[in-house]
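Trainee: I have a protein chain on my screen and would like to learn how to read it. Could you take me through it step by step?

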Amino acid sequence: GGKPGDLYVVIAVHEHPLFRREAEHLILDLPISFVQASLGAEVEIPTLAGTTPLKIPSGIQHGELKRLKGKGIARLNGSGFGDLIVRVLVETPTRLSNRQKELLQEFEKESSKDCQPLIASFLQKFKEIFSK
């Protein structure tokens, strides 16, 4: 019965426990083991439509991104979907048995410098700076 006025609608969006949204893209942090990162693996990951397999290549590094085209949110203008961007988080074990420690020490002895290029590059730069 009153005169016409403005209608205000407030929408509250709760955070999703797994996905973070950036425009039409979804970001998923995927923890994997040191072994999966080293040897490669195929893992099931969640999407908005269920699960899908994701191939983890051997030697993947912490923080690397894998993009699944069209697995994100529908674009507002109706032309397709955004992407699901999976950020790989390599988890280092926090408690090791004595046998696991022995095996890792053997692994370290067998490792060559070329299997860890970031460390080799850092050490080379470090030597160059302090050898002057």
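Mentor: We will go from the whole chain to its strands, and then to single residues.

Mentor: First, some ground rules. This is a predicted model, in which local features need pLDDT of at least 70 and side-chain atom pairs count only at pLDDT 80 or more, while totals for chains, interfaces and linings use all residues. Residues are numbered from 1 along each chain as its sequence is written, and side-chain values use heavy atoms, with hydrogens and water left out.

Trainee: Thanks! How many helices and strands does the protein chain have?

Mentor: Helices (H or I, at least four residues) and strands (E, at least two) are DSSP runs, numbered from the N terminus. Here you can find three helices and six strands. Starting at the N terminus, their order is β-β-α-β-β-β-β-α-α.

Trainee: What does the radius of gyration of the protein chain tell me?

Mentor: This value is taken over C-alpha atoms, and the globule rule to set beside it is 2.2 Å times the number of residues to the power 0.38. For 132 residues, a compact globule would come out near 14 Å, but the protein chain has 23 Å. The C-alpha trace spans about 85 × 40 × 30 Å along its principal axes.

Trainee: And what share of the residues is buried?

Mentor: Buried means under 20% relative accessible area, exposed means over 50%, and partly exposed is in between (1.4 Å probe, protein chains only). In this chain, 18% of the 132 residues are buried.

Trainee: Which strands does E6 pair with, and do they run parallel or antiparallel?

Mentor: Two strands pair if DSSP finds at least two bridges between them. Strand E6 (residues 84–91) is joined to strand E2 (residues 25–33) by eight bridges, and these two run parallel. Strand E5 (residues 65–68) is linked to E6 by four bridges, and that pair is antiparallel.

Trainee: Which residues stand opposite each other there?

Mentor: Follow the E2 and E6 pair: Leu 28 faces Val 86, and Ile 32 faces Val 90. On the E5 side, Arg 67 is opposite Ile 85 in E6.

Trainee: How do E1 and E2 fit together?

Mentor: Four bridges join E1 to E2, and they run antiparallel. Together they form a hairpin with two residues between them. Arg 21 has Leu 26 in E2 as its bridge partner.

Trainee: What is notable about Ala 23 in that turn?

Mentor: Start with the general idea. Most residues other than glycine have a negative phi. Ala 23 is not a glycine, yet its phi is positive, at about 55°. This residue sits in the loop between strand E1 (19–22) and E2. Ala 23 counts as exposed because its relative accessibility is 53%.

Trainee: Is Leu 30 buried or exposed?

Mentor: Leu 30 lies in strand E2, and it counts as buried because its relative accessibility is 11%. Next, look at contacts, which means heavy atoms within 4.5 Å. Leaving out residues up to four places away in sequence, Leu 30 touches several residues, among them Val 43, Ile 45, Leu 54, Ile 56 and Val 88.

Trainee: Where is Arg 20, and what does it touch?

Mentor: Arg 20 is in strand E1. With neighbours within four places in sequence set aside, Arg 20 is in contact with His 25, Leu 26, Ile 27 and Asp 29. Its relative accessibility is 41%, so Arg 20 counts as partly exposed.

Trainee: How far apart are Arg 75 and Glu 24, along the chain and between C-alpha atoms?

Mentor: They are 51 residues apart along the chain, while their C-alpha atoms are separated by 5.8 Å. Arg 75 belongs to the loop between E5 and E6. Not counting residues up to four places away, Arg 75 touches Glu 24, Gly 80, Phe 81 and Gly 82. At 30% relative accessibility, Arg 75 is classed as partly exposed.

Trainee: And how far is Thr 92 from Lys 125?

Mentor: They are 33 residues apart in sequence and 26 Å apart in space, C-alpha to C-alpha. Thr 92 is in the loop between E6 and helix H2 (98–110). Thr 92 has a relative accessible area of 58%, so it is exposed.
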